[in-house]
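Visitor: I am new to this structure and would like a close look at one part of the picture, namely the salt bridges. Please take me through a few of them with care.

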Amino acid sequence: MPSVQPGAGTAFETDDAEELPPLLELVHAGGAADPASAVTEGGPVRQKLVATYFDTPDLRLTAAGVTVRRRRGGDDAGWQLLGAARGGARPEVTLPPGRGTRTVPARIRAMVRVHGGGAALVPVAEVTTERSLRRLVDATGAVLAEVADDRVAARRLPVDGREADDAGTAWREIRLVDGSAEVLGEIGAGLGERGLTAGPAASALHRVLGGDARGAAARRPEKLKARSAAGAVVLAHVREQVDQIRAQDLPARLDLPDAVHRMRVATRRLRSALTTFAPLFEAAVVRPLRGELTWLAAELGAARDAEVLRDRVAAVLAADDEAGPAAEQVLAELGRAHRAAHDRLLADLDGERYHRLLAALDELVGAPPTTDRAAGRAKEELPRLVGRSFTAVRRLVEQADAHPTGPARDELLHAARKKAKAARYAGESVERVFGDDAGAFARAMETLQEALGEHQDSVLTRQRLRELAATTPSTGAAFLYGRLHALEEARGAGHRRRLADAWKAARRTSVRRWTR
């Protein structure tokens, strides 16, 4: 039986001697009831697909899980950029094949610069597939299953002085290309009954690159303990955030769900680590980096805030039976604002300032500018630095309590939210070595941060709604903005109760005892 649940994209290894039976027979073998008589199998469609893969000479894209290729033949000829897998799917960009066969389009080069560092992209491998494509279709012509019988030949191309692999490698696979999940599962089960094995086999590119591709794989995480050097613990966290910024670059460019938020969080975590654990680093090197990370977080924040406002208002309108026809106009205005903010973000991600920051971060993790304190044991250096982050939160909350309401209180609570977030990040960054103590601290700070965040989101939403009401040319939209503002004000009481409860829990001595 197959080693994985078969579905679209599943490939079964086989050899040239295997005779692939009609798809209807495989559906029977998979245990399905007799398919309707209107289901038919079309004759095989023969295709020749040739894919040329591009990478830097040292395979930086492969290391990042990113693929750039130009395909000829078949239904998807052209340039393709495949990002690293994300939630079971891969971000994808496709462009027409154009005339140039060895020059990657500028748009794709810009999108992978974050991984390639601006190095030239050259052909590194060629994969030729002789495909026999078979389909099951119903009476309406809808495709129930599309199965490819592929004979693949792949070879490495000469790069940076290395000779081409003229012999290359070859194999045969049966690939479930597309169709109904149920029918594909039945066909996959039928193939399993014939002894074929399905699984997460290496991609064609990894097969042809062999050891070079494996050598480009991600580094193994360090095994760190409380007696490890404090600098090593913090730098492990710093590297993770730098990697995450790069990983979210393409999804953020494509405006995929939550991508801008994830990239912003990684930027903030990184800046927070360099602030909380500043005594472990040379100030002259790290201070400018913190400033540039503040800039990047702000640019990401503008796009994220526009997204949050759009989605927040959309959720309220979806539940409001009295919104009326103005709702569509309101959503259109917020949608345009979000697109404009995202366009500005794209310009930033294509800019030199962003890429200079990435180069500086590479230097930070490659040759860390640490002080003598970084060599001290984590258990002696880090807890006190984490504890200081809570002290900053307490000072701001106590100042806010002196202002029952009004802009001054809102500003202080907004500042407290930032500090609570920094405290949470500090706890999470050392949880790998301090375990449950750091985890409990981080969770308490997260709860406080979220309560403060609800308050701040409401403040910003009300402010933006007032601005929109004052500038919209539509009387109906202005009235609706006013109603939304009133609803936000009504929700404020609930925010205040949650904030009081979260602050009471965060002040408990048991949460912070380990930081003393």
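Guide: Since this is a predicted model, everything that follows is read from computed positions, and a search of the whole structure finds 28 salt bridges. Side chains of opposite charge can pair when their charged atoms come close.

One of these salt bridges joins R194 and E18, whose closest N and O atoms are 3.1 Å apart. R194 sits in the loop between α4 (181–193) and β10 (197–198), while E18 sits in the loop between β1 (11–14) and α1 (23–29), so the pair ties together parts that are 176 residues apart in sequence. R194 is partly exposed, at 39% relative accessibility, whereas E18 is buried, with a relative accessible area of 19%, which counts as buried because the cut-off is under 20%.

Another salt bridge is formed by R134 and E41, with the closest N and O atoms 3.0 Å apart. Here the link runs between strand β7 (residues 122–137), which holds R134, and strand β2 (residues 40–41), which holds E41, and the two residues are 93 apart along the chain. R134 counts as buried at 12% relative accessibility, while E41, with a relative accessible area of 26%, is partly exposed.

Turning to D149 and R172, their closest N and O atoms are 2.8 Å apart in a salt bridge that connects strand β8 (residues 143–156) with strand β9 (residues 169–179), across 23 residues of sequence. D149 is buried, with a relative accessible area of 8%, and R172 is buried as well, at 3% relative accessibility. D149 and R172 also belong to a network of salt bridges that includes D16 and R151.

Note on methods:
Residues numbered from 1 in each chain as written. Predicted model: local features only at pLDDT ≥ 70, side-chain atom pairs only at ≥ 80, totals over all residues. Heavy atoms only, no water. Salt bridge = Lys/Arg side-chain N within 4 Å of Asp/Glu carboxyl O. Helix = DSSP H or I, 4+ residues; strand = E, 2+ residues; numbered from the N terminus. Buried < 20%, exposed > 50% of the residue type's maximum accessible area, 1.4 Å probe, protein only.
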